[in-house]
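Here is a brisk tour of one chain, from a single loop residue out to the whole fold. Keep the structure open while reading.

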Amino acid sequence: MTHVIDGDAVAADVRNGLSGAIGTLDDAGVTPTLATVLMSDDPASQTYVSMKQQDCAEVGIEARDVELDPEAPAEELFDTVADLNADPDVNGILVQMPVPDHIEDRDVIRAIDPAKDVDGFHPENVGRLVAGDPVFKPCTPHGVLKLLDAADVETEGADVTVVGRSNIVGKPLANLLIQKADYGNATVTVCHSRTDDLGEKTRRADVVIAAVGVPELVDGSMISEGTVVVDVGVNRVERDGESTLVGDVDFETAKPKARAITPVPGGVGPMTRAMLLYNTVKATSRQTDVPVDLP
């Protein structure tokens, strides 16, 4: 029987596991604080930020909400980030992407203090990850590794195909999977929009991770019996006159062949938010020199 990996349950375990670390910080007079910066009137972005703030409240992390006019000059956003960088009471900074068109995403990422970059996207943190000495693992790739762990999926010696080469998921995840580390030591193939015969690459994999942003690109014909399938995609499509969420994997055709599979929603998404909390607690510990045990 296929194991449907419950991302909500695994995320809850991560949040519960952070309680001891947050209690240790509290005993030392330290409250982890995450600043979220929203410069958008996009309802989805507003919802994401609200959910992250709710997560913080649930585990005892202080959430500082900063909202900026999307039409404000770029300097207002960069000044805000500089103020948060300099504020000793702020331990983590998250600027909700995308930012308005008149601002470059990469410039915003580079403006954040690497020590407070709880997304793990600053070039310094990316470089450390590639070198095998990560401080903050990007939240979604880290969440994927936690899901594989929870499902007792062994990556050492496994053939893993990652479909997607984004800086947010595909590239950092591939780097984590090849490292000499727990939930590493895999042989990784990275596929993308220029890959010929994608199905040939996915069918030979022990683990397929789809993170390309194309609705139901990977179907049951593209995986082999007993494959582990992790679906990172979240795509909104219209069906029968209604809007619904689907992943990058055709769940109904892939599930019968998979040994384990993540659903959409309820798979990787909750883990991304949980690992943001994890990184915020880790950042707080490093900045305050209060050692904590992280799950």
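Start with Val 212, which sits in the loop between S7 and S8. The model is predicted. Val 212 is partly exposed, at 33% relative accessibility. Leaving aside neighbours within four places in sequence, Val 212 is in contact with Val 163, Gly 164, Leu 217 and Asp 248. A long reach can be taken from here too: the C-alpha atoms of Val 212 and Asp 87 are separated by 37 Å, with their positions 125 residues apart along the chain.

**The sheet around that loop**

The two strands that flank Val 212 are partners. Strand S7 (residues 207-210) pairs with strand S8 (residues 227-231) in the parallel sense, over 4 bridges. Within that pairing, Val 207 has Val 228 in S8 as its bridge partner.

Both strands belong to an open sheet of 6 strands, ordered S1-S11-S8-S7-S5-S6, with parallel pairing. Strand S1 (3-4) and strand S6 (187-191) stand at the edges; each has a single partner strand, so one side of each is left without a neighbour in the sheet.

**The annotated binding site**

UniProt, in an unreviewed entry, lists Gly 164, Arg 165, Ser 166 and Val 234 under "binding site". How does the setting of Gly 164 look? Gly 164 lies in the loop between strand S5 (159-163) and helix H7 (170-178). Is Gly 164 buried or exposed? Gly 164 has a relative accessible area of 3%, under the 20% cut-off, so Gly 164 counts as buried. Beyond four places in sequence, Gly 164 is in contact with Gly 170, Val 190, Cys 191, Ala 211 and Val 212. The last of these is the residue this report began with.

Val 234 is found in the loop between S8 and strand S9 (235-239). Val 234 counts as exposed, at 53% relative accessibility. Leaving aside neighbours within four places, the contacts of Val 234 are Leu 245, Val 246 and Val 264.

**Two annotated spans**

The UniProt record, also unreviewed here, names two domains. "Tetrahydrofolate dehydrogenase/cyclohydrolase catalytic" covers residues 5-119. "Tetrahydrofolate dehydrogenase/cyclohydrolase NAD(P)-binding" is listed for residues 138-287.

| Span | Helix | Strand | Distance between end C-alpha atoms |
|---|---|---|---|
| Residues 5-119 | 50% helix | 14% strand | 24 Å |
| Residues 138-287 | 34% helix | 22% strand | 19 Å |

Another parallel pair is formed by strand S2 (residues 33-38) and strand S3 (residues 62-67), joined by 6 bridges. The chain crosses from S2 through helix H2 (residues 43-59) to S3, and this β-α-β crossover is right-handed. Val 37 has Val 66 in S3 as its bridge partner.

Thr 280 is placed in helix H10 (residues 268-288). Thr 280 is buried, with a relative accessible area of 0%. Not counting residues up to four places away in sequence, Thr 280 touches Pro 32, Thr 33, Leu 34, Ile 61 and Val 118.

**Backbone exceptions**

Most residues other than glycine have a negative phi, and most peptide bonds are trans. Several places in this chain depart from that.

The peptide bond from Met 97 to Pro 98 is cis, with omega near 0°. Pro 98 lies in the loop between strand S4 (92-95) and helix H4 (105-111). A cis peptide bond also joins Val 264 and Pro 265, with omega about 0°. Pro 265 is in the loop between strand S11 (258-261) and H10. Val 264 has appeared already, among the contacts of Val 234.

Two residues other than glycine have positive phi. For Asn 185, phi is near 60°. Asn 185 is in the loop between H7 and S6, and is partly exposed at 29% relative accessibility. For Asp 197, phi is near 50°. Asp 197 is in the loop between S6 and helix H8 (198-203).

**The whole chain**

The chain holds 10 helices and 11 strands. With 295 residues, a compact globule would have a radius of gyration near 19 Å, and the chain agrees at 19 Å. The C-alpha atoms fill a box of roughly 50 × 40 × 35 Å along the principal axes. Of the 295 residues, 49% count as buried. Among contacts between residues at least 6 apart in sequence, 70% join residues at least 24 apart. The chain exposes about 13,700 Å², with carbon and sulfur atoms supplying 46% of it.

Note on methods. Residues are numbered from 1 along each chain as its sequence is written. This is a predicted model: local features need pLDDT of at least 70, side-chain atom pairs count only at pLDDT 80 or more; totals for chains, interfaces and linings use all residues. Side-chain values use heavy atoms; hydrogens and water are left out. Two strands pair if DSSP finds at least two bridges between them. A crossover is right-handed if, with the strands pointing away from the viewer, the path from the first strand over the helix to the second runs clockwise. UniProt positions are given in the numbering used here, feature names are shortened, and annotations may be inferred rather than shown by experiment. Buried means under 20% relative accessible area, exposed over 50%, partly exposed in between (1.4 Å probe, protein chains only). Contact means heavy atoms within 4.5 Å. The radius of gyration is taken over C-alpha atoms; the globule rule is 2.2 Å times the number of residues to the power 0.38. Accessible areas come from the Shrake-Rupley method with a 1.4 Å probe; for residues, only the protein chains shown count as cover.
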